Each structure stands twice: as C-alpha cells, then as structure tokens.
Amino acid sequence: MSTQSFASHSPAAPLSAARVAAFAGHHAEHCRIEVVGATGSTNADLLARVAADNVSGKSPSALTAPTLLAAEMQTAGRGRAGRSWLSAPSAALTFSLAWPFSVPLQALVGLPLAVGVTIAETLADFGVAVQLKWPNDVLYGGRKLAGILIETATAPDQQVWAVIGIGLNIALSEQLQQQIGSRSANLPPAAAQDRDLLLAALLTALARNMQQFASAGLADFVERWNRLHAFAGQQVLILDQGKTLHQGVALGIDHIGRLLLQTEPGSTPITVMAGDISLRPKQG
Ligand code: ATP
C-alpha cells in the first residue's frame, strides 16, 4: 500500500486507478484497473472490447484479463430494457467489471443476485446496512441506492464474458433525484469519504465472489441473499410494463435465483423468472 493512500481524502477527489490498485486485496491482483473522465456507458465500452479481435492481436483494446473500468461521469448510463441510469460527476461510483467465465452463458442467470449480495456485504463493512430488491436493486432506507446491470457476450476466441455494471449513488443532488422520479438514496457521507477505498473494496469482493460463483454457481449466495431480502414476507406485485402479472407474498429466491411467490395462503409458491419484469410492494 502506498503512503499516499493514508492522506486525508475528500469524496469529490478524482478517482485514481493507482490508489484503487493499492487498496485492492489479493483476490483482485490479476484485475486491470482503468479510470476515465467521462464516457457514455462503461458497460458499452467493455462489451465493445469483448467483441474486439483478441485472436490475431490486432486490437490493442481487446480484453485479456478481468478489467475494471470506472468513469467519473456516464452520459448514457444504462438500466434494464433500455432504461436510463442517471448520475453526475463525482456524485456516484459508476463502473463495470468485465469477468471471463468458463461456464455456458445460461449458467450466469443468477449472477445479478450474487452481485447484489457482494455489494450489500461490502457496504456492511463500511457501516451501511442495505437490503436487496429482486432481481437487481440495492435499497437503503427503502430507496434505490445502487443498480446492477449484467450483460454477457462471447469473444471472437469463444471466451464467455460477463460485464457487471454498477451505479452506486453517493451525492446525487435534490434536483437529479427529482429528475430520476423513482425514490433514490445516497450513501451516508461517512461511508463515501474515500471513493477509491470503496471502489477497491467492491472490486476485491467482486473478484472473490466471481471466483466462488464460477466454481459453485449461486449455491453459496442463496441464504445470504434471502437474509438481505427487502420484501421478505410482504405482499408484492410483479409487473410487466405496468401491468400486474402476479401478486402474492414474496418468500425469497430459490437455488437458481427465481423469486418464490406465494399467491394463495398455504399454497405451493410459484417461481418467477427475472426477464424484464418489475417488483413493487403492494400498497395498503
Ligand atoms: P424496476 O424497479 O422496475 O425493477 P429496475 O430496478 O430493473 O426497474 P433498472 O433498469 O435497474 O430498473 O434501472 C433503471 C431505473 O432506475 C430508471 O428507470 C429509474 O427509474 C431508476 N434510476 C435511474 N438512475 C438512478 C439512480 N442514479 N439512482 C436510483 N434510481 C435510478
């Protein structure tokens, strides 16, 4: 760890790839760490590099190792199904981690849930207790603190990659929160005093847990996810483009990450696949 790591730091200080690397633990030793000022979407950038030709060595930007790309500002941050993820310079951590997997693409369906657990457990180390909303949101005080967008691609050499995009709110202005429309949250300031340190902790935990997911799938994460479940035992609606598909009591997730929903008291729960559906607490 370098001596500069100990200097007092402000949340508005620019991200530093060198400091993130200095803080990162051994699980992330083999990860490349890159920081850019502004870009459209870190997920889009890494996906383009997965598609680049790494076979003939023609493309210097092609990915050859797990790669973290963090941006001070994303101008076209993405959510699921073409939705937008908004942020402002230095007001968030917006980053993506491209990770190579030696499993078929379909084995990655539970990955967003493992990533949610990873974010929640890391934030707990920073003194912040968050909860998870199925399938891909991190809530703080019932409001959305972070979003997860995982996109997968196969490289020209047939390597399967997951690009794990995360947006974590740190200091969104009131105005931006209003623009977002849905209920959003910022991290408590004490936890985000040093964004490099937080990013390094997230990278280290992600690297450790991606290795665990690659060897054992979602198995090690199911109980952990269910302990963090924001709506356990509560009445919820499952919506598809605003239309109610199901309603019932959210019980938790099953071994492959489907939501278990009890639609009638005493009945066997149904399983709900993520797809492009949304979960909302039932009012009243
Ligand atoms: P749903 O809540 O319906 O399940 P989702 O959580 O899957 O949707 P995503 O696609 O992950 O939604 O994220 C995009 C949505 O998140 C946007 O439509 C907007 O409502 C909200 N959003 C956008 N930017 C932010 C932000 N910085 N913080 C919190 N919420 C945001």
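**Exercise 1. The lining of the largest pocket**

Determine which domains of this predicted model supply the lining of the largest pocket, and describe that lining.

*Solution.*
Step 1. Begin with the domains. Domain 1 (17–227) and domain 2 (235–281) each contribute at least three residues to the lining of the largest pocket.

Step 2. Establish the extent of the pocket. The volume of the largest pocket is about 910 Å³, and 40 residues line it. Nearest its centre lie Arg83, Trp85, Asp137, Lys144 and Ser182.

Step 3. Assign the lining to secondary structure elements. At least two lining residues come from each of helix 2 (42–51), strand 3 (92–101), strand 5 (137–140), strand 6 (143–154), strand 7 (160–169) and strand 12 (278–281). Strand 6 gives the most, with five residues.

Step 4. Sort the lining by chemical character. It comprises 18 polar, 13 nonpolar and nine charged residues.

**Exercise 2. The second largest pocket**

Explain where the second largest pocket lies with respect to the two domains, and state what lines it.

*Solution.*
Step 1. Consider the volume and the lining. The second largest pocket holds about 560 Å³ of space and is lined by 27 residues. Val109, Pro112, Ile150, Ala274 and Gly275 are the lining residues nearest its centre.

Step 2. Identify the elements. Helix 3 (111–125) and strand 6 each supply at least two residues of this lining. The most comes from strand 6, which gives five residues.

Step 3. Sort the residues. The lining of the second largest pocket divides into 15 nonpolar, seven polar and five charged residues.

Step 4. Draw the conclusion about position. Because both domain 1 (17–227) and domain 2 (235–281) give residues to its lining, the second largest pocket lies between them.

**Exercise 3. The aromatic pairs**

State how many aromatic pairs a search of the whole structure finds, and classify each by its geometry.

*Solution.*
Step 1. The search of the whole structure yields two aromatic pairs.

Step 2. Take the pair of phenylalanine 101 and phenylalanine 213. Their ring centres are 6.2 Å apart and their planes stand at 80°. An angle over 60 degrees counts as edge-to-face, so this pair is edge-to-face.

Step 3. Locate these partners in the chain. Phenylalanine 101 belongs to strand 3 and phenylalanine 213 to helix 5 (residues 195–216), so the pair ties together parts 112 residues apart in sequence.

Step 4. Take the pair of phenylalanine 213 and phenylalanine 221. The distance is 6.4 Å centre to centre, with 45° between the planes, and the pair is tilted.

Step 5. Combine the results. Ring pairs join Phe101, Phe213 and Phe221 into a cluster.

**Exercise 4. Burial of the cluster**

Decide whether phenylalanine 101, phenylalanine 213 and phenylalanine 221 are buried or exposed.

*Solution.*
Step 1. The criterion for burial is a relative accessible area under 20%.

Step 2. Phenylalanine 101 has a relative accessible area of 2%, so this residue is buried. Phenylalanine 213 has 4% and is therefore buried.

Step 3. Phenylalanine 221 is buried, as is phenylalanine 213.

Step 4. Set this against the whole chain. Of the 284 residues in the protein chain, 50% are buried.

**Exercise 5. The chain as a whole**

Test whether the radius of gyration of the protein chain agrees or disagrees with that of a compact globule.

*Solution.*
Step 1. Count the elements. The protein chain contains six helices and twelve strands.

Step 2. Describe the extent. Along the principal axes, the C-alpha atoms fill a box of roughly 60 × 45 × 30 Å.

Step 3. Compare the radii. A compact globule of 284 residues would have a radius of gyration near 19 Å, and the protein chain has 19 Å, so the two agree.

Note on methods
Residues are numbered from 1 along each chain as its sequence is written. This is a predicted model: local features need pLDDT of at least 70, side-chain atom pairs count only at pLDDT 80 or more; totals for chains, interfaces and linings use all residues. Side-chain values use heavy atoms; hydrogens and water are left out. On a 1 Å grid over the protein atoms alone, a cavity is a set of points where a 1.4 Å probe fits but cannot get out, and a pocket is an open set with protein on both sides within 12 Å along at least five of seven lines; lining residues have an atom within 4 Å of a point. Grid points are joined across faces, edges and corners, and a volume is the space filled by probe spheres set on the points. Helices (H or I, at least four residues) and strands (E, at least two) are DSSP runs, numbered from the N terminus. Ala, Val, Leu, Ile, Met, Phe, Trp, Tyr, Cys and Pro count as nonpolar, Asp, Glu, Lys and Arg as charged, and the others, Gly among them, as polar. Domain bounds come from an automatic or database domain assignment. Rings of Phe, Tyr and Trp (its six-membered ring) pair if their centres lie within 6.5 Å; planes under 30 degrees apart count as stacked, over 60 as edge-to-face and the rest as tilted. Buried means under 20% relative accessible area, exposed over 50%, partly exposed in between (1.4 Å probe, protein chains only). The radius of gyration is taken over C-alpha atoms; the globule rule is 2.2 Å times the number of residues to the power 0.38.
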